[in-house]
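The following exercises ask for a careful reading of a protein model, moving from its overall dimensions to individual side-chain pairs. Each task is followed by a solution that proceeds step by step.

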Amino acid sequence: MDADRRQKLEQTTRYVPADVESRVFAEWEQSGIFHAQPEGSADENYSIAIPPPNVTGALHMGHALNGSIQDALIRLHRMRGIRTKWIFGTDHAGIGTQVKVEQQLAEEGTSRQAIGREEFTKRVWQWREQYGSTIVQQFKRLGASADYEDERFTMDPEYQRAVAHVFVKLYEKGLIYRDNYMVNWDPGTRSAISDLEVEQRESQDTLYMIDYPLESGSGSVTVATVRPETILADTAIAVNPNDERYTRLIGEAAILPLVGRRLPIIADDYVDPEFGTGALKITPGHDPNDFEIGRAHGLDEISVIGEDGLLTEAAGERYTGKTVDEARELVISDLRAESRISGTQPYVHDVPHSHRSGQRIEPLISLQWFCDMKGLAEPAIAAARDGSLRFHPAKPWTDVYLNWLENIRPWCVSRQLWWGHQLPVYYRGADEVHVGEDAPQGDGWQRDPDVLDTWFSSALWPFATLGWPERTPEFDAFYPTDVNSTARDIIFLWVARMVMMGLEFTDELPFRDVNIHSVIQAPDGRRMSKSLGTGIDPLDEIEKYGADGVRFGLLAMASSQDVRYSAEKVRQGQELANKLWNASRLILLKVAGVDAAPRPETVEDRWIVSRLERLTQRVTALIGDYEFSRAALELYGAFWGEVCDWYLELVKPRLYDESGNEAVSATLLYVLERCLQLLHPITPFVTEEVWSYMPGERGLLAASRWPEPDPSLIDDEAEAVLGRTIEAVSALRRYRDDVGAPAGARIPARLTASGYDETGEHVARLARFEFDGSANGAEPVATIAVPGGAVHVFPTDSIDTEEAERRRGAERERLEGEIRRLEGKLANEQFVAKAPPEVVDGERTKLERYRKELSELD
């Protein structure tokens, strides 16, 4: 390196992420490596379409984890010389964005109704211009190497055309239709909402036992309900056909209290005889299960709760205009007055609420636009069954995906909002309907005011972002994409719908692999949430530990299981970055002016080259198999342990001998180069910064070539020799600790073991023993077993044999206790059956380790 660079490296004694990250990211962006030209075919290229973050959003821990996963894949493939595109953009987030802008208008003393739809839409676009880039900049803070030059937005004009095209084509096939159907109605936003926008909250309610008199006058049938206000809309009573308590009543009728309506008593297998009294009130207008039963039995559908959350005229004059809570109290009072409540009991259950408005969801029958999903689901099911679509891990996620598709219901695609993809549907009068990509000609046409569910447009993301329905160069080069990485909670809402739409409109799967990553929980196991006070802001963590620390920590803690956030693993990532910087400075400031190349002249050189070759093969395979935690931890262990703790210590005498250190310098530079390349997909900033100090004209590490496998570098003999050496040094160091030897003391001893011809001096130096072969006639005071023989220790003032025995006794007692505990745990059949397999395997591994340590101690 030149004198200026060397001086800078000498002066930079600590790695400070804040001094590096923004500068390095700017270098990457300016180089143009994030943007791949649309050349070649998708088979020879590599692409990922990012799950588009909401334009309203800020980077949360899920974004940070998935961004780190995708970036590791993208960087690996880019370094392998593959034309790589990470499709990037944001989602318009219909309800979320509309709520934000409505809050802004409320602060100004106005509302969307007051300013009108056209002006409101302008305000939303203004809001997007002002705030929409926030999350984009936050992804850059993480180091995400996405194609920002080609950023997409789900409300771009080209994207809107793609969405309209799909709607029209599905309509023309008879799959999109308008109907009165049960939806999740949010009285707060006055819109139907998707399942994803519904959150369950535990509620302490009362289960009321209500007596419905039989029409025959021969008694009554008692039903249990937690929503007595909805009995005003009852149209039947259902019992299980196999419930002997009620078989005699099937076909008879009961009279609805307070209303007087005749209710047929019907048989249906859905009814659970164990719930309540075993007799179920059927309210098709206000319960999704009752709705399905009602349709199957041809029951009337009465709605007594309106879209505003108030009771309608159908509830009767006494209840009209009341809130649900007011109506409930009034109905209960009136039933008690008629002596129709025969009992109550506490009842704890989950109640659906709107994630957006916070209000309770009302299942309502509403005139909406629906998409029949059965036909679209069939090829998506087949793709998973024949292995064309692969989930990682396959279990349980393939079954989750298939179970949803095999029981799929019509999808309500319309939303009563102003922000989003307005339906390409036009009406004239009561009978004329036009569905088309272009507005109809002529007077009197009115466009449907509703917009599409955000998930409808998101389902087209992998191909609409590439210019579809036009056959663009980008589409030809990067579609289908290679992998979709996401969390489990949107397997059906997004993954399955992308698969269905991709197969329907492009005749290809939008991706072959689906990586389902873990959900990062709060450290106490609860979900991360600002409202619960359990949220951890990844940007705060980046400020504290650096982006590399956060990326490493998240990948190291990631698995297919939900995991608790571990600040310890993030600190481990920060420590890795610091260790890499310090070790790199040592190497770069001491090596001779040679090129990086494996020039092994000793067994330890051959060993480290062989170990790095094996590591290269393992890490390449692990990242390719979406085993990010194992890849991160293997890299950490190899660099910290084998490179720093062992190889650097082994070669320091040769490195510091500046009169003849060319060979070891070349090998050390090769080792550093290989470590930087392997670590780069996981910790890109620190590796890129170190790379800039490497000798020669190298360009960017992010654009360098991933190391190709070279089996000729594997050296089993060298690995065996160094394996024995490391074991011997470790045993001697343990002995030093046991006898309390001072750090600087060299313990006299004799090595009587085979296999140390090339490394005996290393063993003595690293363990701080003196192997002089003579003992001046003294007898050994201790014998330490090492591979291939033993080390005999001679008397010296530096050791205390009684202290050694005391420590060994304490350690023996500890190990025996751990072994008993683990043997008991693994003998517990319930633990072995119910605990995750990796946990059980981990406990078995620990047991074997403790047994081995006890054996070595004895």
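A residue is called buried when its relative accessible area is under 20%, exposed when it is over 50%, and partly exposed in between. The model examined here is predicted.

**Exercise 1. Overall description**

Task: Establish how many helices and strands the protein has, what share of its residues counts as buried, and what its C-alpha trace spans along the principal axes.

Solution: Begin with the secondary structure, which comes to 28 helices and 29 strands. Next, apply the burial criterion to the 858 residues of the protein, of which 53% count as buried. The C-alpha trace spans about 115 × 65 × 55 Å along its principal axes. Finally, take the contacts with a separation of 6 or more: residues 24 or more positions apart account for 76% of them.

**Exercise 2. A sheet of 3 strands**

Task: Determine the order of the strands in the open sheet that contains β7, β8 and β13, and explain which strands stand at its edges.

Solution: The order is β8-β7-β13, and the pairing is antiparallel. Because β8 (220-225) and β13 (341-354) each have a single partner strand, they stand at the edges, and one side of each is left without a neighbour in the sheet. From one strand to the next, the twist averages 20°. The antiparallel pairing of β7 (residues 198-213) with β8 can then be followed in detail, since these strands are joined by 6 bridges, and tyrosine 212 stands opposite valine 221 in β8.

**Exercise 3. A sheet of 4 strands and the helix across it**

Task: Trace the open sheet that includes β5 and β14 from edge to edge, and identify the helix that lies across these two strands.

Solution: The 4 strands follow the order β6-β5-β14-β16, with antiparallel pairing. Strands β6 (191-193) and β16 (411-412) are the edge strands, each of which pairs on one side only. Between β14 (residues 362-371) and β16 there are 2 bridges in the antiparallel sense, and phenylalanine 370 stands opposite cysteine 412 in β16. The helix in question is α9 (residues 288-297), which lies across β5 (176-186) and β14 and runs at about 145° to β5.

**Exercise 4. A parallel pair of strands**

Task: Describe how β1 and β2 are joined, and decide whether the two faces of β2 are covered or open.

Solution: Strand β1 (residues 46-49) runs parallel to β2, and 4 bridges join them; the bridge partner of tyrosine 46 in β2 is threonine 84. To judge the faces of β2 (residues 84-87), consider its side chains by side: Thr84 and Trp86 lie on one, Lys85 and Ile87 on the other, and all are buried, which leaves both faces covered.

**Exercise 5. Two crossing helices**

Task: Classify the mutual orientation of α20 and α24, and characterise the residues through which they meet.

Solution: The axes of α20 (residues 603-624) and α24 (residues 716-739) come within 8 Å and cross at roughly 105°. Since angles of 65 to 115 degrees count as roughly perpendicular, α20 is roughly perpendicular to α24. On the α20 side the contact includes Trp607, Arg611 and Arg614, which belong to a set that meets residues of α24 including Asp716, Glu719 and Leu722. By class, this contact has 6 nonpolar, 1 polar and 7 charged residues. Some of these residues also enter a network of salt bridges, in which Arg611, Arg614, Glu642, Asp716 and Glu719 are linked.

**Exercise 6. Salt bridges and their surroundings**

Task: Compare three of the 57 salt bridges in the structure by asking whether the partners are buried or partly exposed.

Solution: Side chains of opposite charge can pair when their charged atoms come close.

1. Glutamate 229 and arginine 227 meet at 2.9 Å, N to O, and both are buried.
2. Arginine 295 and glutamate 301 have their closest N and O atoms 2.7 Å apart; arginine 295 counts as partly exposed because its relative accessibility is 36%, and glutamate 301 is likewise partly exposed, at 32%.
3. Glutamate 649 and lysine 652 meet at 3.0 Å, N to O, and both lie in helix α21 (residues 628-656), 3 residues apart, about one turn of the helix. Glutamate 649 is partly exposed at 27% relative accessibility, as is lysine 652 at 26%.

Notes:
Residues are numbered from 1 along each chain as its sequence is written. This is a predicted model: local features need pLDDT of at least 70, side-chain atom pairs count only at pLDDT 80 or more; totals for chains, interfaces and linings use all residues. Side-chain values use heavy atoms; hydrogens and water are left out. Two strands pair if DSSP finds at least two bridges between them. Axes are lines fitted to C-alpha atoms, for helices over the stretch in contact, and angles run from 0 to 180 degrees between N-to-C directions. Angles under 35 degrees count as roughly parallel, over 145 as roughly antiparallel, 65 to 115 as roughly perpendicular and the rest as oblique. Contact means heavy atoms within 4.5 Å. Ala, Val, Leu, Ile, Met, Phe, Trp, Tyr, Cys and Pro count as nonpolar, Asp, Glu, Lys and Arg as charged, and the others, Gly among them, as polar. A salt bridge is a side-chain nitrogen of Lys or Arg within 4 Å of a carboxyl oxygen of Asp or Glu. Buried means under 20% relative accessible area, exposed over 50%, partly exposed in between (1.4 Å probe, protein chains only).
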